[in-house]
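Grab your viewer and work through a few short exercises. Try each task before you read its solution.

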Amino acid sequence: MKIIEAGDYDDLSRKSAGIVLAQVKAKPSSLLVLPTGNTPLGLFRELVKAAKSGAANFGQVAFVTLDEYADIASDDRRRLSSWLSRELLTPLGIAADAFHAFDPRGNPGAEAERIEGVIAARGGIDLAVLGLGPNGHLGFNEPGSPFDSRTRLVSLTPESIRSNAAYWGGEVDVPSTAYTLGLGTINECRSVVLVVSGARKAGILARTLNDAVSINVPATLFRVHPSSIVIADRDALAFAG
Ligand code: PGA
């Protein structure tokens, strides 16, 4: 595991974009996973800037969604894949058939298998950039998720429901189940990058870096992955030791 310290949020965004751009340059047909949430917005801005200026070419890149709420309308604006399209894929000019998203109305078992099949057919995920949940989750792999878990439907923890309530109008409106790439699926990505920003993540980042590797903090998976990078700003690294 390599740790990269960024001075502030903008620096974090530039440095994490640099990793994604290097991947796309090295392998133009990369299969990528990028996270939703607040943390990656600066990274997305940098990627769009690079594509618009001609410094990067995403023409052959394909994407798989990390996670998605289940049992919502396919055209719900709060669908995570719709959010990712708005914030990144449409501005990057990614074709619809290069974006593999969970269908929130699909049959859960079949949908999880379909996404695993897409990943296998494309020869595996080259790079996954992930955010760090306040409880250490990766995607919707909540504490307790086995390290060898595959892509599946999961129940959200009360903590994740609370942290997503703002997007849904209230806790009761947050869907109770979601799809996520499994921790085993994430572990098979050729490279994984964790982007972490701000003082409110300092406690859970310190646990990710220092606690025993265990399913109690899913992000400790980064400590056993053979090619992992944690990139965090100074505020997030405050308690890292
Ligand atoms: P955030 O979300 O980037 O909005 O903090 C991270 C996560 O919960 O995975």
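The exercises below deal with a predicted model.

**Exercise 1.** Find which residues surround the ligand, and which side chains put a polar atom by its oxygen atoms.

*Solution.* Start with the surroundings: Gly-37, Asn-38, Thr-39, Gly-131, Leu-132, Gly-133, Pro-134, His-137, Arg-200 and Lys-201. Next, check distances to the ligand's oxygen atoms. A side-chain N or O atom of Thr-39 sits 2.5 Å from one, while for Lys-201 the value is 2.6 Å. His-137 brings a polar side-chain atom to 2.9 Å from a ligand oxygen. Finally, the area: on its own the ligand exposes 280 Å², and the protein buries 83% of that.

**Exercise 2.** Decide whether Ser-81 is buried or exposed.

*Solution.* First locate Ser-81: it's in helix H3, residues 80–92. Its relative accessible area is 5%, and buried means under 20%, so Ser-81 counts as buried. Then look at its contacts beyond four places in sequence: Thr-65, Glu-68, Phe-99 and Ala-101.

**Exercise 3.** Work out which residues have the most contacts inside the largest nonpolar core.

*Solution.* That core has 67 residues, and Phe-63 and Leu-181 top the contact list inside it. Leaving aside neighbours within four places, Leu-181 touches, among others, Val-33, Phe-102, Ile-115 and Asn-141. There's also a second, separate core of eleven residues, including Trp-168 and Val-174.

**Exercise 4.** Establish what the buried residues of helix H7 pack against.

*Solution.* Pick out the buried residues of H7 (202–210): Ala-202, Ile-204, Leu-205, Ala-206, Thr-208 and Leu-209. They pack against strands E1 (2–6), E9 (191–196) and E10 (228–233).

Note on methods:
Residues are numbered from 1 along each chain as its sequence is written. This is a predicted model: local features need pLDDT of at least 70, side-chain atom pairs count only at pLDDT 80 or more; totals for chains, interfaces and linings use all residues. Side-chain values use heavy atoms; hydrogens and water are left out. Buried means under 20% relative accessible area, exposed over 50%, partly exposed in between (1.4 Å probe, protein chains only). Helices (H or I, at least four residues) and strands (E, at least two) are DSSP runs, numbered from the N terminus. Contact means heavy atoms within 4.5 Å. A nonpolar core is a set of buried Ala, Val, Leu, Ile, Met, Phe, Trp, Tyr and Cys residues joined through side-chain atoms within 4.5 Å. A residue is near a molecule or strand if one of its heavy atoms lies within 4 Å of it. A polar contact is a pair of N or O atoms within 3.5 Å; within protein, one must be able to donate a hydrogen and the other to accept it, and residues adjacent in sequence count only if both atoms are side-chain atoms. Accessible areas come from the Shrake-Rupley method with a 1.4 Å probe; for residues, only the protein chains shown count as cover.
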